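Student: I'd like to learn how to read a structure like this one. Could you walk me through it?

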Amino acid sequence: MQVFSTSPWVPPEWIKAHGLEPRGIWFAGDFGGAPLPLAAGVCAFANAAVRFAERHVDSAVVFTTHCDQLRRGFDMIAGSYGGRLFLFNLPATWQSAAAERIFASELERLGRFLVKLRGHLPTAKELAAIITQYSLARKRLLEAACDLSARQYAEAIARFHWDGSVNLPSASEKTGSIPLALVGGPLPRAQWHVLDLIEGAGGGVVLNATEAGERSLWCVAGARGTWGSDAGLVPFKTESKGTHEELARLYLDNCIDVFQRPNTRLYAWLKERLTARQVRGLLLWHYVGCDLWRAEAQSLRETFGLPVLLLEANETASDLPRQAGRIEAFIESLTGPRT
Amino acid sequence: MKAPPRKLTLEEWEDWYAQLHRAGLCEPPYGGRLGRHVLLESDLRLRHLRFDNSPAALRLWNFLLTENQRLAQARAQGEKLVGTMKDLGTVPVMAYALPGLRAFYPDGAWWTPCLMECSDGLLQQAETLGLDASFCPVRAMLAAFENGQHFPRPDLLLCSSGAVCDDFSAIAQRLERMGFPIEWWEMPRRRLPEPPERACALPGGLSAPEVQVNCVREEFERIGRLLSELAGQPLDGRALASGIHEANRVRRLLAALRQAVYGAAAAPLPALEMLIAEMLAIHFCSDREETVTVLTDLLAEVESRLQQRQFVIPEAAVRLFWVNPVADLRVMNLLEEWGGRICGSDYMFTHALDLIPEDLPPLEALARIALADPMVGSTLDRAARIVAECRAGRAEALVVSRIPGASHCAWEGDIIRRVVREELGLPTLELEVPPICDALLPTLGSRVQALLETAKAKR
């Protein structure tokens, strides 16, 4: 059975270890591709997730509490489709033992939900093997971050979030484009055209910091430990704590997102990469109803001293020319007119 | 000196005040003419409101409108100020358990643009700080912190995070980035316990798993240490228990007031004064002891009116249940002018009206009441309570008042209205109220009147 998740911070390892297929909802072929009826103030992403859950009667969907709209969207349909829907409580704070325990208890609860969906309880060994597999996959993807084009990299990460595999194309030749960072919320497959628009306008996304982009590929650096048998990776500590507790700790240690309070880790993570990759401008990708990201625009400007362009997710193809025009003007403002 | 209850304009209150004064009206230090708030603090909206004519209501208004001055006086006298944000009703109980601490909600600045009819410029200033009109009017808080002209800068800022409104959380995060350090604490999204989890009963007939109660209790232990440090003395169990007992005094008074007003055949007190009275529950308008006096006076006034069968709104008015506070206070007057009256309310802090358990360890009790917040659980839970209170108040219609830009409003209205229609068959209406609603009055009026006519037709 496929189990779709609305956040990369719901461990796919945990779902896989229960014998079910974790899927990032952003990369489902029929997610967010067509405009849907939308009530005033409703986030198009949350709305798409709700409608997706209604349509996919053979799949389970894990909603997350990290945004108000997703959790209330869950409330909208929980009564009708309760048996295959799950609301995962992602703590917003990350420095306390209380947050860690909440995360661990949610994993336990998710485990019981997965078992009800005909999954099975994993052994520590099974879980460790899957965690290692995912950890190595993330590591490979991270290493390829600067080698691939934005589109190639988005496709490679999407594949990982779809089935856990990594299939890297050969590195693309770098052109003299303006290095930009795409920062923000989820960028579903249906919206990847924005990457082409940026490239077409002379820009190059050297940092994909959207929700299921490079940010979701947490790695060894800065963590208290990680998994795997590869050199430099710390083995899975099955003896020290319950396996799900270890997994919870690892995710809390490595979660980099705007909803965290404080969200200082997001800024630290960005700073390191923006500097290293000599980024000259930020494209802030957001949905119309997404307060969490839109409110960061000014802080991003002030913190990094870089120009920031807000890019709204398109609802219809007719929005494309406007979006293209904004991107072209932004890049032109960084470089001068193209000849 | 008594007069039959009625609603007065500000000008009428000036004359009435003079008469009361001549007759020996006894007032607290913050008392005085209502009109002075227009002149001294530019609370221009008062000119367009209608006020209950009782001395008890006068005291209520003066109490509300002098909060910032009283906070400044407390600071000048060496008291420490705690800015508590978002949880609406629980952390202040802890702060007031310690002498020398005074807690208030900077969130309350969301009403400043209304009260000052936007002459404060807070919303415009918030826009220059990165938060435009697509955000909830609570963005005024950000500007109020920045310009320091509305409330004193708190000595400690606390904010709940997790299952809270995105817009508020985002605004508070922006505040922190602007140099106002915040202590964040986790509020998990309340859910039902599942086997084999241990269930904990919460006030309001709710339930949560032990792990969530423990999480919030641990967070409150941490907050308690911060408050102790600020106060220079420990927040022990006895002090907390006493603080809870005092908070419950306020809640009991409010429960009696709500029962008396909402349960009566006709309304003995206007909706606007009731909204403000209910708000006192969340942080006691920065003075817990005075809140008790203010509410005691109001309750006495209401009981006296009921005894004499004196009302401000007639029995023929349509009984409305109101969901969410209005950004423009004038709407509470208007709904009565249009032929309605409030018979029940959920202004987003019903947990601050419930009694805090006194038979549990204090922090455990506070964790449970915090988790009973209608905004941290499922909207279906909130809708269930609304249905029960609609029944109790014999509601004839329901209004969900949207707060412009508030993330929770995008979905909750549909859910609440659907449940209320299914369970009670009541006509429902959703409307959006901006900080100044004057330009929308024709639309708002016709929509509310259509609802009232529909409700009346069902009698």
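Tutor: We'll take a sheet, then a pair of helices, then the contact between two chains. Keep in mind that this is a predicted model.

Student: Okay, the sheet. In what order do the strands of the open sheet in chain B come?

Tutor: Read across the sheet, not along the chain. Here four strands lie in the order E4-E3-E5-E6, with parallel pairing. Going from one strand to the next, the twist averages 25 degrees.

Student: Which strands are the edge strands?

Tutor: Look for those that pair on one side only: in chain B they are E4 and E6 (183-187).

Student: How many bridges hold each edge strand of chain B to its partner?

Tutor: E3 (residues 80-85) is joined to E4(B) by four bridges, and the two run parallel. To see where they line up, find B:Gly83, whose bridge partner in E4(B) is B:Phe104. On the other side, E5 (residues 156-162) and E6(B) also run parallel, joined by five bridges. There, B:Glu186 of E6(B) sits opposite B:Ser161.

Student: What should I look for in the side chains of a strand?

Tutor: In a regular strand they alternate between the two faces of the sheet. Now try strand E4 of chain B, residues 101-104.

Student: Are its residues buried or exposed?

Tutor: Buried, on both faces: B:Leu101 and B:Ala103 point to one side, B:Arg102 and B:Phe104 to the other. So both faces of this strand are covered.

Student: Now the helices. How do H3 of chain A and H17 of chain B pack?

Tutor: Check the angle and the distance between axes. H3 (residues 68-81) of chain A and H17 (residues 409-424) of chain B pack at about 15 degrees, with axes 9 Å apart. Angles under 35 degrees count as roughly parallel, so that is what we call H3(A) and H17(B). The crossing is left-handed.

Student: Which residues make that contact?

Tutor: From H3(A), A:Gln69, A:Arg72, A:Gly73, A:Asp75 and A:Met76; from H17(B), B:Ala410, B:Trp411, B:Glu412, B:Asp414 and B:Ile415. By class, that's four nonpolar, two polar and four charged residues.

Student: And the whole contact between chains A and B, how many residues does each give?

Tutor: Chain A gives 35 and chain B gives 37. On the chain A side, H3, H4 (97-116), H10 (291-294) and H11 (297-304) each supply at least two residues. H3(A) has the largest share, with eight.

Student: What is the mix of classes on that side of chain A?

Tutor: It divides into 13 nonpolar, 13 polar and nine charged residues.

Definitions and conventions:
Residues are numbered from 1 along each chain as its sequence is written. Chains are lettered from A and ligands numbered from 1 in the order in which they are written. This is a predicted model: local features need pLDDT of at least 70, side-chain atom pairs count only at pLDDT 80 or more; totals for chains, interfaces and linings use all residues. A residue is buried if 20 or more other C-beta atoms lie within 10 Å of its own, exposed if 12 or fewer, and partly exposed in between; C-beta atoms are placed from the backbone. Two strands pair if DSSP finds at least two bridges between them. Axes are lines fitted to C-alpha atoms, for helices over the stretch in contact, and angles run from 0 to 180 degrees between N-to-C directions. Angles under 35 degrees count as roughly parallel, over 145 as roughly antiparallel, 65 to 115 as roughly perpendicular and the rest as oblique. A crossing is left-handed if the near helix is turned anticlockwise from the far one by less than a right angle, and right-handed if clockwise. Two residues are in contact if their C-beta atoms, placed from the backbone, lie within 7 Å. Ala, Val, Leu, Ile, Met, Phe, Trp, Tyr, Cys and Pro count as nonpolar, Asp, Glu, Lys and Arg as charged, and the others, Gly among them, as polar.
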